[in-house]
Amino acid sequence: MSRIRPLDMSRKQYQQLTDNLCKLTKRFNKHEVQCLMKVFSTLAGTFPEQRVAIGLDRNKFRNVLHTTFGMTDDMIMDRVFRAFDKDNDSYVSMREWIEGLSIFLRGTLDEKIKFCFEVFDLNGDGFISREEMFHMLKSSLIKQPTEEDPDEGVKDLVEIALKKMDYDHDNKVSYTDFEKAVKDENLLLEAFGPCLPDTKNALAFEEQAFKKSKGE
Amino acid sequence: MGVALTRAAQWTAAGIGVGKLEFTPLNVTLLNSIIKFVEYVSSKHPQEAAFVFREPLEWTSKLEISAFGSDYQISKKTVVSKENIDGSALMNFVVSTGVIKVSTFNQLAKLLEIAQKERLKETQACLEANRDPIAKILGPSFATVEGEDKSMLRLLEKVKKGDEVSQAEVQMKLFLLLQQLDMQLLNTSLQKISQEVRLNPQAIKNDMQLLQSFSGEGDRTVLKSINYTSEYEFSNGCRAPPWRQVHGDICYLIIETHDTDTLYVTCSTAGVFLNGGLIKDSEDIIYDKKGDIYKDLITFLKEKSSTFAENLTRIQQNFTLQKKAPTSRKTMKTEVPTNEELDQSEKFSDYQDKNKLERKKTPPKLKIRDTKKEEPSHMHKNLEVSHQKFSKDDKIQAKDQDPKKIKQDKEKDEIITTGKYRCMASHEKKILRAGSIGSEELSDSSSESEEEQQDMDRQQESNSDLPSEYWQIQKVVKYLKGGNQTATVIALCSMKDFNLASESCQLAIRDVGGLEVLINLLDTEETKCKVGSLKILKEISKNPQIRRCLAELGGLEIMVKILDSSNKDLKCLAAETIANIARFRRARQTVRLHGGIRRLVGLLDCVPMLSANLNAEQVKDIEVARCGALALWSCSKSKKNKTAIRRSGGIPLLACLLKSTHENMLIPVVGTLQECASESSYRLAIRTENMVKDLVRNLNSESQELQMHCARAIFKCAEDEATRNLVRAHNGLGPLVKLFSKPDNKELLAAATGAVWKCAISMENVDRFKHLKIVETLIHLLVGQPEEVLINVVGALGQCARDPFIRGAIRRSGGIDPLVNLLTGTNNALLVNVTKAVGECAVDAENMSIIESLDGVRLLWSLLKKPNPDIQASAAWAICPCIENAKEAGEMVRSFVGGLELIVNLLKSDNIEVLASVCAALAKIAMDEENLAVITDHGVVPMLSSLTYTRDDTLRQHLADAVACCCKWGNNRVAFGENGAVAPLVHYLKSKNPLVHRATAEALHQLSFDPKNCITMHENGVVKLLLNLMESTDEDLQEAAAGCISNIRRLALANEKARYK
């Protein structure tokens, strides 16, 4: 146990942190929390002096999203980082890491809806507007050189999405709209870009994280 | 030992049913091992040896009664073991028939001891009668299945559960022992088999096809040409003349290689060798062997021609390269059709050439199509291509041009069929043999061809106006094609919002090429895209045309693969879509050929349905099982699929799901069972796995559809007597009759009446029906119902009318009238049942007078003119009681103009049942002397005489009856003697059927009034046989036998007297 404890914390402090984090989420058991903490420490461990105090910065976190969870869209990854970083200090702390992962890996549908909406609501005004959709779907169609207006397809796609999700016809998608649409058709959860790990990646991550330390 | 017996043991080719074990060294070894095993079990494992089999092993034994020792209670007719359980003996041997029933290994071992030298034969007889002994010993859930066998696991669970512990444990041990034996048997047989590898016609044919596709002029081909000497192929696949087949020859080949002289080759079961070549100026071959024997054609040619060997290796390399190339579906989408089309026409020209023997071959093809597996898919692709061609035409050309093209095609076809008829025939033959497609077409029950035709018709009608959705759908499909995952999901969701149930939308998706894209999406890694695509496919596949397209585009193969996925939603959707698509034959076949049945059966395996608090995962599992059952239901309409489901171990799983209480689960499960119940193996399983109880329970369900399927299942299963009794035991007869109260649902009514009909075959059930006052209801249903209901109603009445009370009840409720009216119908099945019902009713004299007044007998008589032998027989049977009970029967019969000649001429039929029934009717007719005179004039005597050589007991009985009755006119006795009827009749006395004895004795008695006949009888040893029969308790028989002997004796006395004078 002592080997995986971060160096700048006493045993007691560490225990306390673990207990606190355990209380925070019911989805992970104590062992799993410890494993995730360890993964966090390893990821953040490049600069020993910063370890727990600050956490993962944007680039490191994006790196994790890209390599471990197979995400590619820059903008979406940025938004996922913001959704993880609850206190907006530009770092994902240990606590935010555990909380975020609990939704990421084992969240209920409601939690995931909330998470996705946060990701898609680029300016954080509580609505997904036409412009935001356009922004996110910009690169989703293969551009055909023959077409006169290359953005026409994307605009059309935005209209389709809006028609599907805007129940109250105010030309933007509110949280209620989004929730209703997703409950109606689960496929719409990640309507504007993949922001959750797919089952395969999630399983691979869990296996790697939880098994590695079990072996030790 | 199941696997070893089905696979390794060499059965004679007697086909299905009771086969015979050939007497080969291999089989003898197998039998000896089994005997050793039986002895070993009874000596080393006393507990297992005492285990009572689920069903006794039953076979016909040749043991003598005297062989049984003190362990048995021996009476005159039976031998019973003293050892017994619950009063039923563990061994039961009926002396007269030789049938023996054994229920434990102990008893088996004892029997083998008794049998001594005959033990081999006894074991053989036992195994022949019990093809799958394990199923009998341990119950049908242990029946030998191919592939994965889960029975062991289920048994283990049973042991764990703790109920009937000792029982299950013994069962388990026994099962282990048996499996051990199985392994041992397989090993020995493998050793034996590996010693002798022989060629067969199929192997040679495959080699020939392969070689022919690689031969022709040019340097790179393996051979210049290779041909059979004879184009005619016998049904066993050989081409050698029959007298040479006796020597093992399969066919003769003429091979021209690049580097040797023309080779004349014999292919025989022993191998391939050079023969003497053609005799000059004739087509005959010098059959003598010249040179060594090689194990197959390829080895032979490699040895003879070096060019062959070189080119062959080169082509093999090409082949492996080729195989790797066409994997990605998306890339080859556009290029493939043209290639394929070329290939197709090329292939066709091949067939044209083939018959002319002079083959001008194109250089070797890169495409290989020899192996069995590849052939069907290849054909499939061709179909796909032709379809694509069609749909493209649809799009590009205006509608009015379309028919023209089809017409052209048709004309082309016609030219081919008329001009090259033989060539087409061989073409078809080849395709038939190439895959299992051909046999599939024959084995299917449903009226597929009509269905197909309809679809085609509709396809041509459509495409008149483009609906408004068309353009929207086109746009959405465009985004599907050219978008990343996110765009695809949005497009899929939007597509789902169209009214997918409307035909215009479904066809629009097809016409804009949406199906190809949707299927392509299934082949990706993206779960969300797959789910979305399947959700749409599931809806639109309700359209028959879409189904066909999906199958032709190869969608089924991918969906079958998806069944392996770990995502349960995906599994559900895929299974449901398969359920929709597999409504036509080729699709069902595709599912099977790609291992779909096994996977679908795998889906059925879920938690016990009855446990109360299920978690979300378990609920999902149950949903998966439901979807699996839906798909199996669709698939189970093909015969081979039924077998495949059984082989994959589907029956116990279905039995488990049948315990469910949810209608949406029960309907597909019962539907599948009902569909499969046309196979006897399923009927047996339904009985032994206690499914009858559940079927009966669900007769009381709320859902009419479920009731209908249950009734239909009972209808099919009640062919079995045991099942009929089970239905009664589970109080199923009442609910069945209750179903009659829903006269609007014709399907339900047909199923329920059918079930009643079949159940009424047992007299005990008729008794119950009598109490349920069924007759009035049934008679009510005689009017205004569709034919399928009528057939069953009348069938039920016919069976019930065997009860005298019901016969009366039918009259009292006014049922005779409508029944006789139905005699004028045209439906064959209905007529068979109606005649039977009328015949049963005619047994009652009061009924008969009504039938007479309605001129029913004339109607029956006219049915004898129908070409269908079933109707002829049934009508003739019905005529018998009519003649017996009619008031002035003789007069009535004479009044039918040409009637007597008609019935006598039916003796020329070759259907045993018809002959027996006609003989019975003739016996009744001959009671009237005038009529007897008429039928004698029509030549009844020689006709009856010519039939006497039959071996069928029913026919013998009625024939002897007819002979006895016909003797009474003129010099018919002498005529029978002259026509040689006497000697065979004497041999009837050796039959085991007492009814035959009685009729024969009477006939012989009548014949013995003619002295010449007496001499013939005496020569055939009649006296001893008759003396034996006098022991019988049947007085008529005694009297006839005595009369006959006294006639013979009197003749002898008169003879002696004459001598001494």
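Q: Why is B:I816 called buried, and in which helix does it lie?
A: B:I816 lies in helix α44 (residues 816-822) of chain B, in what is a predicted model. Helices here are DSSP runs of H or I with at least four residues, strands are runs of E with at least two, and both are numbered from the N terminus. Buried means under 20% relative accessible area, exposed means over 50%, and partly exposed is in between (1.4 Å probe, protein chains only). B:I816 has 4% relative accessibility, so it counts as buried.

Q: What does B:I816 touch, not counting residues up to four places away in sequence?
A: A contact requires heavy atoms within 4.5 Å. B:I816 touches B:I810, B:R811, B:C841, B:N847, B:I850, B:I851 and B:L854. One of these partners, B:C841, is 25 residues from B:I816 in sequence and 7.9 Å away in space, C-alpha to C-alpha.

Q: What makes helix α29 of chain B largely enclosed?
A: Of the 8 residues of α29(B) (residues 596-603), 6 are buried, so the helix is largely enclosed by the rest of the structure. The buried ones are B:G596, B:I597, B:R599, B:L600, B:V601 and B:L603. Their cover includes α26 (555-562), α27 (568-581), α28 (585-593), α30 (616-635), α31 (639-647) and α32 (650-657) of chain B.

Q: How do you know that strands β8 and β9 of chain B pair?
A: Two strands pair if DSSP finds at least two bridges between them. Strand β9 (residues 249-256) is joined to β8(B) by 4 bridges, and the two run antiparallel, so the rule of at least two is met. B:Y228 has B:L253 in β9(B) as its bridge partner. Along β8(B) (residues 225-228), B:S225 and B:N227 point one way, B:I226 and B:Y228 the other way, and all are buried.

Q: Why is the meeting of B:D497 and A:K164 called a salt bridge?
A: A salt bridge needs a side-chain nitrogen of Lys or Arg within 4 Å of a carboxyl oxygen of Asp or Glu. For B:D497 and A:K164 the distance is 3.0 Å, N to O, so the pair fits the rule. Between chain B and chain A the count is 6 salt bridges. On the side of chain B that touches chain A, the elements giving two or more residues are α20 (468-481), α21 (485-496) and α24 (527-540). The largest share, 8 residues, comes from α21(B).

Q: How much area do chain B and chain A bury between them?
A: Buried area is the accessible area (1.4 Å probe) that two parts lose on being put together, summed over both. For chain B and chain A this is about 1,800 Å², with 61% of it on carbon and sulfur atoms. In contact are 19 residues of chain B and 20 residues of chain A.

Q: Which stretches of chain B have pLDDT below 50 or under 50?
A: pLDDT is the predictor's confidence in each residue, from 0 to 100. Chain B has a mean of 78, and 79% of its residues reach 70 or more. Residues 410-453 of chain B are below 50, and residues 455-463 of chain B stay under 50. Where pLDDT is low, the predicted coordinates should not be read in detail.

Q: How are residues and chains labelled, and which pLDDT limits apply?
A: Residues are numbered from 1 along each chain as its sequence is written, with chains lettered from A and ligands numbered from 1 in the order in which they are written. Local features need pLDDT of at least 70 and side-chain atom pairs 80 or more, while totals for chains, interfaces and linings use all residues; side-chain values use heavy atoms, leaving out hydrogens and water.
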